[in-house]
Structures are given as C-alpha cells and as structure tokens.
Amino acid sequence: MSRVASDTVGNGALVPFSEDTKDSLAVYPLHHGLAPPISRIAISWARGNSLRVSLFATPSSEPSRTPQDQSGGKVLEVKLGVGDPEISDSRWRQIAYGSVAPFALLQSRRSALSEMIKSSSPYQMDWWENVLEYSKDITSLLSGPKLPPGPIIEERTDIVKKREEPTCLKAAWELLEIFYADKQSQAWLPEKLVDWLADYDSLFSSTHETVYGKLARFQKELVDIQVLEDDPRYWEVMSSALSVGWLDIVVKMLRLHGSYQLDQLSNRELENGLVEAVAVLISKMPRLCHESTNGKLGELFKSKPDFIKAWEKWRSQITKLDCSPFWIQCGNHHTREGLRNLLQIMLGNTESLCMATCYWIELYISHFLYIRPFTTGIESMYNLAQKCIQLKPPSSNHKLTGLIVGILEENTEVVLAESSREFGPWMVAHAIELLTAGSEQAEIVLHDERYNLGGISMIELHRLVYAQVLSSHALTWQIAPIYLTSCMKQGMGLLENLLYRQSIQHNDLLLKNIEICRLYELDHISSDIMKVAGVYHWKHGHKGAGVYWLQQSKDTSRLNRIAQQLFDSVGKSISDESFKQWEGLIELLGSESKPAGGLEFLHKYRDFKRSLQQVYGGKATDAARQAVGSLILLMKNPSTPQRFWLPLLYDSLKLFNWHECPLLNVSETNLLLNKLQELSWARLHPHFSEPNLPAEALSSIRLALATNLGRAILDE
C-alpha cells in the first residue's frame, strides 16, 4: 500500500486526521530523520505484528542541505500494539519455548486420563493436582534471575529487603493459581493474598500510592532523621505496613524506637515497655497456613479450630493492652498515639485501616487480616471488593485491577478478556488450563462449541490465536505445532498450511519441517515438501540435492523424467570425458532400477566404464574379463537403449583385439554381431540418431568382432 502526499500536513503528520478522531486512533510516531517534504510512503507487512514503512523524500539540489537531508529515503519497522515494557522480545521467546514442555505434558496427561475414563469428564477430583504442578512449572519459568545472597549482618536501617524484579505477568499468573488451581489454598486464602501483595505491591506504584512506595521513600530518608519516634512519617509508615500484614517490617521498625537506646533505657522504661508489648503482640499474631512461613513472624496454625481459639485469645490481649492505664503515664505523645493506632489496626478499626492503606486492594486485604480473618473460599469476596473500591476509589486503573475484579466476580469470560487485553495470547492460551481445573461452569463456557466462532470452542480459539502469533515469527514457528495439534477442529488444517509455507531453500529449515511432519505422522505433507524441495534444487542447478529429495519423496515419475534427460545428455557423447560429469549423479540415483525406471542401464554402464578404465590403466587380464562380462550384461539387458549399442561396442575395441587370448567366446561374439546387425536395420529408420563417433567406427567394430570370432572358434 502506498500513499502520495499532495500537501504538507500542518501538524507534521504523514497522514492527516482530525482532532475529533484523535482519541480513537492508535498513533505511532516515526523518527525517520528525513527532511520534508515526504513524496511517497509504502507500507507492507514485516515479520510478526510489525509494519515495514518505506519513506521516499523529494530529491533536492539545494546545496545547503546536508548529505543526511539529501538521502533518497528510509525504511522503518513499526511494531503494532503497545507491547510489554517489562519483558523484552528475547525474554518472551524464552518464555514461549519454556512453556512448551509443561503444556505438552499436561495435554498428554489429559489424553491418558480420558482414555482411562471414557464415560466421565477428565476433570476428576485429583485433576487439579496435575494443573497445580503445571502452574508451578510456569511460575518457575516466569521468575527472574536469583539475587545474590545479602550480607550476613543486616543494617538496622534496611527496612525493605531486595527481591527479584517483579512483573505483572507473573503476578497475574500467581493470582490465577491461588484462586483456581491451588484448591488447598482456599482454606487460608487471606494468608496467600498477604504473601502475594508483599511480592507485587511495588507494581502498583506506577499508578497508585502504595505501602511499598512509602517504605522505600522512608528508608532513603531514615538516616537523616534525628529523633525517629517524633517523626509522624515513622508511625504512618508502620501503620501502613501493619495494615497489609508485613509483621516483620513493623517489628523491625519498632525496635528502632529511641527508647531502646542504652543511654535512654532507664529514663524511658515505661515507654519502652509499651513499645515492646506491642512488638510482642504483633510478632505473636496467629496465622492460618498449611506450610512453612519462611521465617515470617506470627504463630502458625494448620487447623481452623486452633486458629480461631488463638485468634480470640490474641485479640483479648490487644484489648487488654488498649485499656491499660499505662498509656496515661506515657509522656511521649507521638509514641502513645502511634502505638494505640497500631492496636486499633489489629482490633480491626475500619477507619484506622482506611487511613493506613493507600488503595483499595490494600484495604481489601487488610479486611481479611483484621475484620474477616476466618474467611474461607471466595464467598462474598466480590461484594467486599466493591465496598473497598467505594471507600478508596482508584484515580487510575492498573493492568492487574481488571483481572482481580474479574476473578472475584467469578466471571470466566471477564478473566479471559482481561488476560488477553493486558497480557496477550500467551497468557490466555496457558491460563485456560487453570480456569478449568475442577470448575464445571468454566469447563462448559470454554469447551462449548460456538456457531459464531465457526464451530470451535473458546479454548481452541485462543490456542489458534497464540499459534498464529508463534507462526508469524521465524524464531518461534517451530513450536506452533504443539498448540495446533491440541485443536481438534481446525488445528490440523492450519498446521498443514504452516508447514507448506516454510521455505525449502535452507537445508536446516527443510530438515526441521520434515522432522515436524514425522512427529505428527503427516507423511503426505512430508512427501509433498520433499517433492517441492527436489524440483526447486533441480531447477536451480543443484542436481544432486534435487535427485536426493525426489528419491526421499519416492517421486518415480520425476525420477524417470530425470533419467530420460540423463539419457539425452550422455547419449551423444557416452564415450568421451563427460563420463565424470554425470557419474556422481548416477551414483546418487541408486543401484536399483525401481525408483528410477530405466536408470538400471546407467548403473551397469558405470560398472562397465570403471572396469574399462582399469584395463586402459594397465591392469591384468582379469580386469579385461570383468569388463567383457559387464559389456555382455549390458547388451543382453532390454533396458539398454539401442542408441547406446554402437558407442558401447566402440569403447570395447581393445577388448575385442585382446592380444593374449580372445576374451569373448563364440556365443558371446555372435550375440554382439546380431546386435550390430539389428543396429544396421535400425539406421534405416528416419528417426534414428547417429552417435558422435568416427566414420570408420562401424567397420572397425565388425572387423574386431570377426577377428575375435575366428580366434574363439580355434580355441574351442
């Protein structure tokens, strides 16, 4: 597609558009560096989802222009879509290749389970365990490089520990795993959400004020603060960290309180006692979790009854401390109010939680920690989310927000739509396995064949879309068949198209294509590809490669035509030096006549010529007898064309005149004389082609055969 610019657009745009439609257009700036005016633009598809834009500048003879300004044009690639700035193209390819093995293994297990249980759904009670293992493999793939171990002795001012660089893709995947794949986590969902937020709260800093952002900023300023407990930010940051359950950070910050200093401990004993009491209560907060807390503070309980009893005891201790008369005796106003605010957070005061958290997701998780700690499953979760959104309405939407709301709403289609819009086809094609793990409703929605989709299901649609993305890139098309073969309706047809589209010019790519055909038992496609490769190489002068691929495809028709061309090329000069030029081709065509039709003659002639060369090279009589044997076989064989008889006999003159003894007996000599007589009658035919031999060749052959016949009769 090309466009000629008639006038220069006022705003510098190559293609004009009105301000009314500006918001609905996707505008991609081009930094081409050409001096205006641009006379012509050509647009074509490049690889993947990129456009190739060719810009042609108007030639100018102005001497003031620099050589760069006078260039005739420039070619640029424009990648459509915003992409993911967190993940580079090479990292995406690494993820694409790394996710093939877990995906293929899960499909294999599903097929095996379906074979065992024909009458029921493959999603049995333990199917989620297979899906969870698959999800763990993907999570490991999405993880970044491990950070080097930290120092043995930590700095007191290091509040926020360095973690691996989080990505929204991994955060979204772990959310889906928590709510869909890991059925055991439903009993301790609040604890899972606390851990998730601790890992990924920093991602929301791009669009919201976050607890992580507060802590990071305060840590930078911590060294310059003289009296820590008198700074309001100290208590504000601790309240925020406590509201989202980051207990270890809160306790570490409390231990930075000035009352712990040795020179002040005796004067501020009461104040220090209150600080330490709150720190102990925080460190003893009951936690309902089935696995190790990895060094995090809190008392671990695996059964809900024990957790409820410990929770009620812990809350009573907080209430008792909140009503203690020691608060009146505490002389430091900031310490007193700050500690009591921490107690109110642990007591589940809604106003305190709302003030401590920064956006609705943090407030949402704080409700599960301090107001609804006994929540199991996702009942009423969506209503609570709506309430938190009303209390803390977001100023801007983060790419994870829509996914979280869709999950809490238990709307499979919304989750798919958000995953596709924000994270692309890879996410949807692989996350579908999590959505259907044990969920009959999701299975019905995603497996139902839809008329408006051409009779395919949502699962097949998203796999086809992802396979199309893989197919459009030269570095990833090889893994597209894994996903196409899992699509029962249209996958195999698209796979055939993909294989036929691959280039046959490069041998490595051709071998990869054939290997894929072998893996999926697509013998007819493999045969067609090899035929195309054979014809391509033959037409481009690569005769050996052409014959090889035609042999591999068992294309007897084309091999016979090549044999005929070979006859035509060597028929007129079979006795000269051209033998070396086509000997290799005969060798490649094989020793059997079936795949190459009449080429049996050429193989026998090759053996005869080799024996004859040994004779001319001064070898013994045995080599001469071997050559005579090859000659007789050639003349007896009906596959030997008649136009080759005379050159064969002329090449054998030295054998007929062998000085030691006659090499042909009487019957063999008569056979050759009869062939010579048949040849004399054939020369009368108007279409007979005379070989390129000396004029006296026929008479020389007759004389030699007659002489040999006489010597043979005398010997017998």
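The axis of a helix is a line fitted to its C-alpha atoms, over the stretch in contact, and the angle between two axes is taken between their N-to-C directions, from 0 to 180 degrees. With that in hand, one pair of helices in this predicted model can be described. The axes of helix H5, residues 189-200, and helix H14, residues 360-370, come within 9 Å and cross at roughly 145°. The crossing of H5 and H14 is left-handed. On the H5 side, Pro190, Leu193, Val194 and Leu197 take part, and they meet Ile361, Glu362, Ile365, Phe368 and Leu369 of H14. By kind, the residues of this contact between H5 and H14 divide into 8 nonpolar, no polar and 1 charged.

The pair belongs to a longer chain. The protein chain has 716 residues, and 46% of them count as buried. Its secondary structure comes to 32 helices and 6 strands. Among contacts in the chain with a separation of 6 or more, 64% are between residues 24 or more positions apart. The chain exposes about 37000 Å², and carbon and sulfur atoms supply 53% of that area.

H5 and H14 appear again around helix H16, residues 401-408. The cover over the buried residues of H16 includes H5 and H14, together with helix H4 (168-181), H15 and H17. H16 is largely enclosed by the rest of the structure, because 6 of its 8 residues are buried. The buried residues are Thr401, Leu403, Ile404, Gly406, Ile407 and Leu408.

Each side of H16 has a loop to look at. Before H16, Pro394 sits in the loop that comes after helix H15 (381-391). Pro394 counts as partly exposed, because its relative accessibility is 30% and the partly exposed class runs between 20% and 50%. Beyond residues up to four places away in sequence, Pro394 touches His208, Trp360 and Ile389. Pro394 and Tyr359 are 35 residues apart along the chain, yet their C-alpha atoms are separated by 6.8 Å.

After H16 comes Glu410, which lies in the loop between H16 and helix H17 (412-435). The phi of Glu410 is positive, near 60°, in a residue other than glycine. Most residues other than glycine have a negative phi.

A second glutamate with a positive phi is Glu521, where the value is near 55°. Glu521 lies in the loop between helix H22 (507-519) and H23. Glu521 is exposed, because its relative accessible area is 67% and exposed means over 50%.

The helix that comes after this loop, H23, covers residues 523-539. How far apart should the ends of its 17 residues be, at 1.5 Å a residue? The expected span is 24 Å, and the end C-alpha atoms of H23 are 24 Å apart, so the two values agree. Buried residues in H23 are Ile525, Ser526, Ser527, Ile529, Met530, Ala533, Gly534, His537 and Trp538. H23 is followed by Gly541, which has a positive phi near 90°.

The length check can be repeated on helix H9, residues 269-283. Its 15 residues should span 21 Å at 1.5 Å a residue, and its end C-alpha atoms are 21 Å apart, so expectation and model agree. The buried residues of H9 are Glu271, Asn272, Leu274, Val275, Val278, Ala279, Leu281, Ile282 and Ser283. These buried residues pack against helix H7 (232-243), helix H8 (247-254), helix H10 (304-322), helix H11 (326-329) and helix H12 (333-346), and also against strand S6 (299-301).

The last stop is a meeting between a loop and a helix. Pro662 is in the loop between helix H30 (653-656) and helix H31 (666-682). Is Pro662 buried or exposed? Pro662 is buried, because its relative accessible area is 14% and buried means under 20%. Leaving out residues up to four places away in sequence, Pro662 touches Asn708, Arg711, Ala712 and Asp715. The C-alpha atoms of Pro662 and Leu709 are separated by 8.2 Å, although the two are 47 residues apart along the chain.

Asn708 shows this meeting from the other side, as a residue of helix H32, residues 697-715. Asn708 is buried, with a relative accessible area of 0%. Apart from neighbours within four places in sequence, Asn708 is in contact with Phe656, Pro662, Leu663, Leu664 and Thr669. For Asn708 and Leu663, 45 residues apart in sequence, the C-alpha to C-alpha distance is 8.0 Å.

Definitions and conventions. Residues are numbered from 1 along each chain as its sequence is written. This is a predicted model: local features need pLDDT of at least 70, side-chain atom pairs count only at pLDDT 80 or more; totals for chains, interfaces and linings use all residues. Side-chain values use heavy atoms; hydrogens and water are left out. Helices (H or I, at least four residues) and strands (E, at least two) are DSSP runs, numbered from the N terminus. Buried means under 20% relative accessible area, exposed over 50%, partly exposed in between (1.4 Å probe, protein chains only). Contact means heavy atoms within 4.5 Å. Accessible areas come from the Shrake-Rupley method with a 1.4 Å probe; for residues, only the protein chains shown count as cover. The expected span of a helix is 1.5 Å times one less than its number of residues. A crossing is left-handed if the near helix is turned anticlockwise from the far one by less than a right angle, and right-handed if clockwise. Ala, Val, Leu, Ile, Met, Phe, Trp, Tyr, Cys and Pro count as nonpolar, Asp, Glu, Lys and Arg as charged, and the others, Gly among them, as polar.
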